[in-house]
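This briefing introduces a structure to a reader who has not met it before. Please keep the sequence and the 3D view at hand while reading the points below.

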Amino acid sequence: MKKTSLKVALLAAALWGASSVAAQVTLVKQGAPKGRIVVTTNQKADSVAASLMQDFLHRISDARLPIVKASEAGKGLRKGDVVIGNALSNKEYVSEKLTEDGFRLVSADGVVRIVNGGDKGSIYGVTTLFERFLGVNYWGENEYSLTRSRDIVIPDADILENPAFRHRQSQFYGMGTDPYYRLWTRLENVDEVFAGKYWVHTFDKIMPSAIYGKEHPEYYSYFNGKRHPGKASQWCLSNPEVLEIAAQRIDSIFKAHPDRHMISVSQNDGNFTHCQCPECSKITEYEGAISGNFIRFVNQLAQRFPDKEFSTLAYIFTMNPPKHVKPLPNVNIMLCDIDCDREVSLRENASGRQFVKAIEGWSKISNNIFVWDYGINFDNMVAPFPNFHILADNIRLFRDNHATMHFSQIGSSRGGDFAEMRSWLVSKLMWNPDADTDVLIRQFLEGYYGAAAPYLYQYVKIMEGALIGSGQRLWIYDSPVSHKKGMLKPELMRRYKALFDKAEAAVKDDSVLLARVQRTRVPLLYSELEIDRTNREKDYESLKQKLDYFEKQAVRFEIPTLNERSNSPVEYCNLFRERYMPRKERSLAAGAKIEFLTEPGARYAEAARTSLTDELFGGQTYADSWIGWEGIDASFIVDLGEETAVSSVETDFLHQLGAWILFPKQVKYSVSTDGENYTEAGVYDLPEDRSVQVKFKGVKHEFAEKQNVRYIRVDVVGTKVCPHWHYGVGHPCWFFIDEVTVL
């Protein structure tokens, strides 16, 4: 893979105020156009580049350069013309060094020429001209900066650039609402590459289990003693009928999308749901990796469609490369680092080094790797996620190991932690991984936040250092509560708030900049609420004010969700008032002793001694105050210490499908005065819930009249095994409890 190349001829002498007037190209003078925009081809990218050029020249100077085709250009080029495309006189500037999306920008002899290396190269040549010579920067959704001028002069230059990756993809809330954003940041959408948007987790989309599962369970994975047809199950890849059905479906998909040449044929989003039938297991054993069976299968498809490209996942159980089979050149390996921590680069922690070993292994057998990197907190998108310091190191790792495509899945939803800077920064690094991250961060902060930039830079750097110094992991299902003794401890929170106060004061007279600072502060507000709710001692009046202000800002900035499960900030605030603010009555079980007849999961053993009766309700992340059981039913006894008159008992459960946490099937309460003889009080069946939203459910029994009891037995019938529609079909699932409340 060629690294980004950059050549600037005579730029130092020519930039702004060159001694020779001839060493310049004047496009606009005194608000009047001096030349034209000449489009030399019929390619869409060249036409888009011309329109973009015309639009922003007009925004700067009010002049509108005419767009003409080469056939309409008359006898020849004029001084002040901008020539876009690889025909006409531009042919002599076409270089074999140019790759897809690369460009050459030449300003000489009174004419600006933009040569396209392929796909959108001419567009990126235009945006480079504006950024480098005219001071235009595109920061976010309809947010850009430029300097108005009646004169537009381009110095003589010769710039050739190629991207580090032929495909660069990320997430940002403005991608779908601002048509210019994607062009300026040089990012691409899935539907620009993959036929019919078949780009990841496509097994069930290609061969739906709803159609084939009932009559042909043999098409699906065998494990735990039986076949598991289901939306998240995998195919039995050694079954020849599966190959034929998939090939027919793929042929029809390509015929329906003749302008696309790439498709993903990849495992469903289910963990360890691969087939373990004798034939599949034989292949896995020979290849030394589960991926071997998948590569063999996709290779067969790639042979049938040699002019097409097939992408397949190397994800969780298929992350490691096979020993023997090699992907064909038209097989693309989409390698994912989902299980890696993010507080340091991938080479610096144990989880990351496992991925490094995997990518180095794949790079030995493939030059066609697509890396899917996770820089996101799925459970708390509106929370600090200080990983800027690792981005460049990781992206260079991908490039140096034959990655030619890259998806940086980062937390850039509206209201996310530095969402605008995060997207802008990764877009720059995916183009040129050797760029200086710190220089880029300073450039963005100064351009986007103005006088507030120094304070926000300190905030970023202090939190980065605090994270590394704390030794606490940063991961994709993180919670601010996990960092309450580290990067978000009280001493640091005070400093962060002081820096934001100074940042707001610095731009108080500029409503646009002030709003940007205040929007960027929202993750800190959210973190403070999340940490406050876990503290035993609370200033409820202060907490109410914080909650009201957070809700006001979330509505003001139209923040749609706090997590990937679409739980909105307004819902969170309402839930907070109901769930975490003072209750009218204290639980009679507060501090009560728990006797576990069925021990919870080992990782929860210590917390279990107090968590079920500490009157602290858990949050949307299961690592916070929750106690879990996996794949089993459970029973425990609450000892109130003495006979007590009670009117109700309630147990609180968590529902979080993405973490394989399902509501139980049944809850039964029994009561006793002596701990030996129990009377059944109530049995409650819970309906199946397939919602992706994070939910809490209290299962409450109210006695017809108060009863004197000392012991309360809780028996829970768990779902135990993930059902056919779930990601973990056929594997154990969890149920979680955070509190038993007795009134």
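A charge is said to sit over a ring if NZ of Lys or CZ of Arg is within 6 Å of the ring centre and within 35 degrees of the ring normal. By that definition the charged end of Arg 442 sits over the ring of Tyr 457, at 4.0 Å from the centre of that ring. The model described here is a predicted one, and the points that follow take up its rings, one of its strands, its cavities and a single buried residue.

**Aromatic rings and charges**

- A search of the whole structure finds 57 aromatic pairs, and one of them is formed by Trp 139 and Phe 444, which meet edge-to-face with 5.3 Å from centre to centre and 90° between the planes.
- This pair links distant parts of the chain, since Trp 139 belongs to strand β8 (residues 137-140) and Phe 444 to helix α13 (residues 437-449), and the two are 305 residues apart.
- Both Trp 139 and Phe 444 are buried.
- Another aromatic pair, formed by Trp 629 and Phe 636, is stacked, with 6.2 Å from centre to centre and 10° between the planes.
- Trp 629 counts as buried because its relative accessibility is 1%, and Phe 636 counts as buried because its relative accessibility is also 1%, where the cut-off for a buried residue is under 20%.
- Ring pairs also join a cluster whose members are Trp 139, Phe 388, Phe 418, Trp 424, Phe 444, Tyr 448, Tyr 449, Tyr 459, Tyr 496 and Phe 500.
- In addition to the contact between Arg 442 and Tyr 457, Arg 186 lies over the face of Trp 431, at 4.2 Å from the ring centre.

**Strand β7 and its partners**

- Six of the six residues of strand β7 (residues 111-116) are buried, so this strand is largely enclosed by the rest of the structure.
- In a regular strand the side chains alternate between the two faces of the sheet.
- In β7, Val 111, Arg 113 and Val 115 point one way, while Val 112, Ile 114 and Asn 116 point the other way, and all are buried.
- Strand β5 (residues 82-84) pairs with β7 in the parallel sense over three bridges, and in this pairing Ile 84 stands opposite Ile 114.
- Strand β6 (residues 103-108) pairs with β7 in the antiparallel sense over six bridges, and here Val 106 stands opposite Arg 113.
- β6 and β7 form a hairpin with two residues between them, and Asp 109 in the turn has a positive phi of about 55°.

**Cavities**

- The structure holds four cavities of 30 Å³ or more, and the largest cavity has a volume of about 80 Å³.
- The largest cavity is lined by Pro 386, Asn 387, Phe 388, His 389, Asp 417, Phe 418, Tyr 459, Val 460, Met 463 and Glu 464.
- Of these lining residues, six are nonpolar, two are polar and two are charged.
- Helices α11 (388-400) and α14 (453-470) each supply at least two residues of this lining, and the largest share, four residues, comes from α14.
- Phe 388, Phe 418 and Tyr 459 are named both in the lining of the largest cavity and in the ring cluster described above.

**A single buried residue**

- Ile 154 has its place in strand β10 (residues 152-155), and this residue is buried, with a relative accessible area of 0%.
- Ile 154 and Pro 433 are 279 residues apart along the chain, and their C-alpha atoms are separated by 27 Å.

Terms used: Residues numbered from 1 in each chain as written. Predicted model: local features only at pLDDT ≥ 70, side-chain atom pairs only at ≥ 80, totals over all residues. Heavy atoms only, no water. Phe/Tyr/Trp six-rings, centres within 6.5 Å; stacked < 30°, edge-to-face > 60°. Buried < 20%, exposed > 50% of the residue type's maximum accessible area, 1.4 Å probe, protein only. Pairing = 2+ DSSP bridges. 1 Å grid on protein atoms, 1.4 Å probe; cavity = no way out; pocket = protein on both sides within 12 Å on 5 of 7 lines; lining within 4 Å. Points joined across faces, edges and corners; volume = space filled by probe spheres on them. Nonpolar A, V, L, I, M, F, W, Y, C, P; charged D, E, K, R; others polar.
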